[in-house]
Amino acid sequence: MIAKPNDWVFSDPRLKEMKQEYEAYTEEDFKVWKILFERQIVNLPDAATKAYLEGIKEINFSSDRIADFEEVNQKLANTTGWAIQVVPGLIDDDLFFGLMFNKRFPSSTWLRKMEQLDYLEEPDMFHDAFAHMPMLTNQPYVDFLQQLSGIALKHIDNKMAIELISRIYWFTIEFGLIREEGELKIYGAGILSSAGETKFSLSEEPAHYQYDVRKILNTPYWKNKFQDKYFIIESYEQLFASLPEIESALEEMLEELTNKEQKIN
């Protein structure tokens with residue numbers, strides 16, 4: 001197989017040239033953003049990680065203005081060097097990880113409708129912007145995200161490998177918790193954009209586990225309801241430092257699965 005250049009993703013025909021058409025947002029769009037923003041932001045001063053609270057100030061989000069990606073990119077350029085890449089919605093795994101390996105976070109630009117305020121099957125721009133983008137100002141966090149994507153790209157043709165890596169992504173980037181000054185805080189975007197799961201994740205109802213790479217790799221996740229378990233990191237440096245273990249544990253699990261399949265056949 002001929003090796004692809006690192007920036008192959010930008011010339012892939014599946015990645016259409018898109019941009020945020022800010023002037024196209026309607027009055028309803030601004031109202032939806034404002035409702036969602038104001039409903040959730042009040043829950044976060046005591047619940048969210050310091051990195052998120054500092055990040056949302058850094059990129060200057062407010063309830064009165066839908067996130068402007070050009071402005072976000074200027075802020076990120078001055079912090080971690082990342083940028084937002086506009087995509088139509090959910091994209092193929094190789095494009096998803098390919099973009100993040102090149103320090104581009106994929107985001108849609110469409111907002112849910114008023115009747116979808118409480119539940120949306122596919123993440124919209126509010127989730128992508130409000131919950132993900134502030135965390136992109138934290139260097140160890142984005143370093144982890146980039147290198148995890150690099151591991152995924154090495155195994156992109158192996159569905160089981162991508163499923164296992166998706167579990168790491170899910171229980172960290174989307175639904176991760178961090179302990180700060182002895183208290184549990186939220187850094188996972190799937191929680192940060194959900195008022196209900198913000199309260200639930202920090203309550204005594206779900207199980208809380210210390211960050212454990214192998215345990216996460218062996219743990220399936222829920223897509224259509226609150227998680228019943230969450231994993232806690234102690235710092236974003238710990239998250240980044242776990243990358244070699246993620247890679248080695250993944251290789252071990254894939255080898256075990258291959259050996260089992262060979263015995264069966």
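Colleague: What share of the 265 residues in the chain is buried?

Modeller: In this predicted model, buried residues make up 51% of the chain's 265 residues. A residue earns that word when its relative accessible area is under 20%.

Colleague: Why is Phe 171 called buried?

Modeller: Its relative accessible area is 0%, and the cut-off is under 20%, so Phe 171 counts as buried.

Colleague: What makes the chain as compact as a globular protein of its length?

Modeller: Let me begin with the make-up: the chain has 12 helices and 6 strands. Its radius of gyration is 19 Å, and the globule rule gives 18 Å for 265 residues; the two values are close, so the chain is as compact as a globular protein of that length. Along the principal axes, the C-alpha atoms fill a box of roughly 60 × 45 × 35 Å.

Colleague: Now the rings. How many aromatic pairs does the structure hold?

Modeller: There are 19 aromatic pairs.

Colleague: Why is the pair of Trp 33 and Phe 61 called edge-to-face?

Modeller: Pairing needs ring centres within 6.5 Å, and edge-to-face needs planes over 60 degrees apart. The centres of Trp 33 and Phe 61 are 6.1 Å apart and their planes stand at 90°, so the pair is edge-to-face. Trp 33 sits in helix α1 (residues 27-41) and Phe 61 in the loop between α2 (50-58) and α3 (69-77), 28 residues apart, and the pair links these distant parts of the chain. Both residues are buried.

Colleague: How do you know that Phe 171 and Tyr 221 form an edge-to-face pair?

Modeller: The same reasoning works here: the rings are 6.4 Å apart centre to centre with 80° between the planes, and the limits are within 6.5 Å and over 60 degrees. Phe 171 belongs to helix α7 (residues 159-174) and Tyr 221 to the loop between α10 (213-217) and β6 (229-233), so this pair ties together parts 50 residues apart in sequence.

Colleague: Which residues do ring pairs link into a cluster?

Modeller: The cluster holds Trp 33, Phe 37, Tyr 52, Phe 61, Phe 126 and Phe 130.

Colleague: Which lysine lies over the face of Trp 222?

Modeller: That is Lys 225, at 3.9 Å from the ring centre. Lys 215 lies over the face of Tyr 209, at 4.4 Å from the ring centre.

Colleague: How many cavities of 30 Å³ or more does a search of the whole structure find?

Modeller: The search finds 1, with a volume of about 50 Å³. Its lining has 5 nonpolar, 2 polar and 3 charged residues, and Phe 61 is one of them.

Note on methods
Residues are numbered from 1 along each chain as its sequence is written. This is a predicted model: local features need pLDDT of at least 70, side-chain atom pairs count only at pLDDT 80 or more; totals for chains, interfaces and linings use all residues. Side-chain values use heavy atoms; hydrogens and water are left out. On a 1 Å grid over the protein atoms alone, a cavity is a set of points where a 1.4 Å probe fits but cannot get out, and a pocket is an open set with protein on both sides within 12 Å along at least five of seven lines; lining residues have an atom within 4 Å of a point. Grid points are joined across faces, edges and corners, and a volume is the space filled by probe spheres set on the points. Ala, Val, Leu, Ile, Met, Phe, Trp, Tyr, Cys and Pro count as nonpolar, Asp, Glu, Lys and Arg as charged, and the others, Gly among them, as polar. Rings of Phe, Tyr and Trp (its six-membered ring) pair if their centres lie within 6.5 Å; planes under 30 degrees apart count as stacked, over 60 as edge-to-face and the rest as tilted. Helices (H or I, at least four residues) and strands (E, at least two) are DSSP runs, numbered from the N terminus. Buried means under 20% relative accessible area, exposed over 50%, partly exposed in between (1.4 Å probe, protein chains only). A charge sits over a ring if NZ of Lys or CZ of Arg is within 6 Å of the ring centre and within 35 degrees of the ring normal. The radius of gyration is taken over C-alpha atoms; the globule rule is 2.2 Å times the number of residues to the power 0.38.
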